[in-house]
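This briefing is a guide to the structure displayed below. It proceeds by topic, beginning with charged pairs.

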Amino acid sequence: MPFGREVPHVNGANLGWTFAIPATGTYTLLNEGYYYQTGTINVNFTLAQQTVTSAPLVLNDQVSGTLAGRQSLAQYSFTVDQASTIVFDILDTQTGNAAYVDWKLTGPKGDVSQWSSFNYTDYGTSYALPPGHYTLTLRNEQDLPASYKFRVLNRDAAVPLTVGANVSDTIPANETRLYCFNANAGDHFYLDGQNSSYYYSTEGYCYWSLLDPFGKTISSGYTYNDAPDIVANATGEYLLVVSPISTYYAPAAAPHVARFTLGSRTSSTATLTLGADISGSVAHPAETVKYSFTLAAPTTLLVDTGNASHTNSWT
């Protein structure tokens, strides 16, 4: 620096070393090799002035922009007035070097998330936020321009879900879809995934997670599998977060179809008479029928299921 003192680096959001310039003047950058090295070494580096663009973030709206290089930061701020659940929805990781963009969320208590790459962020990443002011910071991992496109979703973006109804929704490319429904503590549900996991399917499939009224994930899976027993742990509104999974034949740039049913898991009871034929039916997926009987002494039993459907099971 102008007074001959070394300028220390400081903690900053950019990749590489960040320096806070304390005074106006001429600065000298020294690049010294190790004392034990001989010969010539080629060194490549970039010295650039940090640029920060700041803007308010509108929840549920699409945000896009470009970071010129490693020196560029973009910061988006928003405020939540009450405890809220948000979902960070990355809309593009394939074009404009978007895979080289990192993001981080900070709030009134410090870091909500650590630095994460757009390319490796989990599907529909969700956070339960206390009231306060939050800042989402984006940075570029390289010296070439990198574009970004994302949304921060809250419950206002959720589509009402009718429990027990078949869902067959076409989700636009790269987007996460939110569904909402109300439940009481102790209610039991099942999720019947109806997508195919067939490799050549162009329809694709999705990853889903179910969030309770406090933003906690209570169940998750894929829309080609079933979740037979999901228990509501609190009374209130639940969010079902559904994020398309890209494959070779169902790429991220193409719409995906989400097929599933979230239904109430029902149970009934009946008395069983030993030695008598029992017949009946299970009307709904994940429904259970509980038969009870009493033994007066230790007994060995044989359960003969006859020609019962292989889609039913017993314990």
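**Salt bridges and their surroundings**

In this predicted model, aspartate 102 and arginine 139 are both buried. The two residues form a salt bridge whose closest N and O atoms lie 3.1 Å apart. That pair links distant parts of the chain, with aspartate 102 in strand β7 (residues 101-107) and arginine 139 in strand β11 (residues 132-140), 37 residues apart. The structure holds 9 salt bridges, and two further examples are described here.

*Other charged pairs*

- Glutamate 175 forms a salt bridge with arginine 151, and the closest N and O atoms of this pair are 3.8 Å apart.
- This pair also connects distant parts of the chain: glutamate 175 belongs to the loop between β14 (166-171) and β15 (177-183), arginine 151 belongs to strand β12, and 24 residues separate them.
- Arginine 151 counts as buried because its relative accessibility, 13%, falls under the 20% limit.
- Glutamate 175 has a relative accessible area of 23%, so it is classed as partly exposed.
- Arginine 177 forms a salt bridge with aspartate 169, with 3.5 Å between the closest N and O atoms.
- Arginine 177 has a relative accessibility of 19% and therefore counts as buried.
- Aspartate 169, at 23% relative accessibility, counts as partly exposed.
- Salt bridges with shared partners join Asp89, Arg151 and Glu175 into one network.
- As general background, side chains of opposite charge can pair when their charged atoms come close.

*Sheet with strand order β4-β12-β6-β10*

- This open sheet of 4 strands has antiparallel pairing and follows the order β4-β12-β6-β10.
- Its edge strands are β4 (63-67) and β10 (125-129), each of which pairs on one side only.
- Neighbouring strands of the sheet are turned against each other by 25° on average, with direction ignored.
- Strands β4 and β12 (residues 146-153) run antiparallel and are joined by 5 bridges.
- Threonine 66 has serine 147 in β12 as its bridge partner.
- Strand β12 also carries arginine 151, the salt-bridge partner of glutamate 175.

*Sheet with strand order β14-β21-β16-β19*

- A further open sheet of 4 strands, with antiparallel pairing, is arranged in the order β14-β21-β16-β19.
- Strands β14 and β19 (226-231) form its edges, and each pairs on one side only.
- In this sheet, the average turn between neighbouring strands is 25°, direction ignored.
- Strand β16 (residues 188-193) pairs with strand β21 (residues 256-264) in the antiparallel sense over 5 bridges.
- Glycine 193 has phenylalanine 260 in β21 as its bridge partner.

*Cysteines*

- How many disulfides does the count give? The count comes to 0 disulfides.
- The sulfur of cysteine 180 is 18 Å from the closest cysteine sulfur, that of cysteine 206; this is too far for a bond, because a disulfide requires the two sulfur atoms to be within 2.5 Å.
- Cysteine 206 is likewise in no disulfide, and the nearest cysteine sulfur, belonging to cysteine 180, is 18 Å away.
- Cysteine 180 is buried, with a relative accessible area of 12%.
- Cysteine 206 also counts as buried, at 0% relative accessibility.

*Nonpolar surface patch*

- Leu29, Ile41, Val43, Phe45 and Leu47 make a nonpolar surface patch of about 550 Å².
- Leucine 29, one of these residues, is found in the loop between β2 (18-19) and β3 (51-56).
- Is leucine 29 buried or exposed? Leucine 29 counts as exposed because its relative accessibility of 57% is over the 50% limit.

*Asparagines with positive phi*

- Asparagine 60 has a phi near 80°, a positive value in a residue other than glycine.
- Asparagine 60 is placed in the loop between β3 and β4 and is partly exposed, with a relative accessible area of 22%.
- Asparagine 174 has a positive phi as well, near 70°, and is again a residue other than glycine.
- Asparagine 174 is found in the loop between β14 and β15, the loop that also contains glutamate 175.
- With a relative accessible area of 24%, asparagine 174 is partly exposed.

Key. Residues are numbered from 1 along each chain as its sequence is written. Side-chain values use heavy atoms; hydrogens and water are left out. Two strands pair if DSSP finds at least two bridges between them. Helices (H or I, at least four residues) and strands (E, at least two) are DSSP runs, numbered from the N terminus. Axes are lines fitted to C-alpha atoms, for helices over the stretch in contact, and angles run from 0 to 180 degrees between N-to-C directions. Patches are made of residues with over 30% relative accessible area and no salt bridge: like charges are joined within 9 Å, nonpolar side chains (Val, Leu, Ile, Met, Phe, Trp, Tyr) within 5 Å. Accessible areas come from the Shrake-Rupley method with a 1.4 Å probe; for residues, only the protein chains shown count as cover. A salt bridge is a side-chain nitrogen of Lys or Arg within 4 Å of a carboxyl oxygen of Asp or Glu. Buried means under 20% relative accessible area, exposed over 50%, partly exposed in between (1.4 Å probe, protein chains only).
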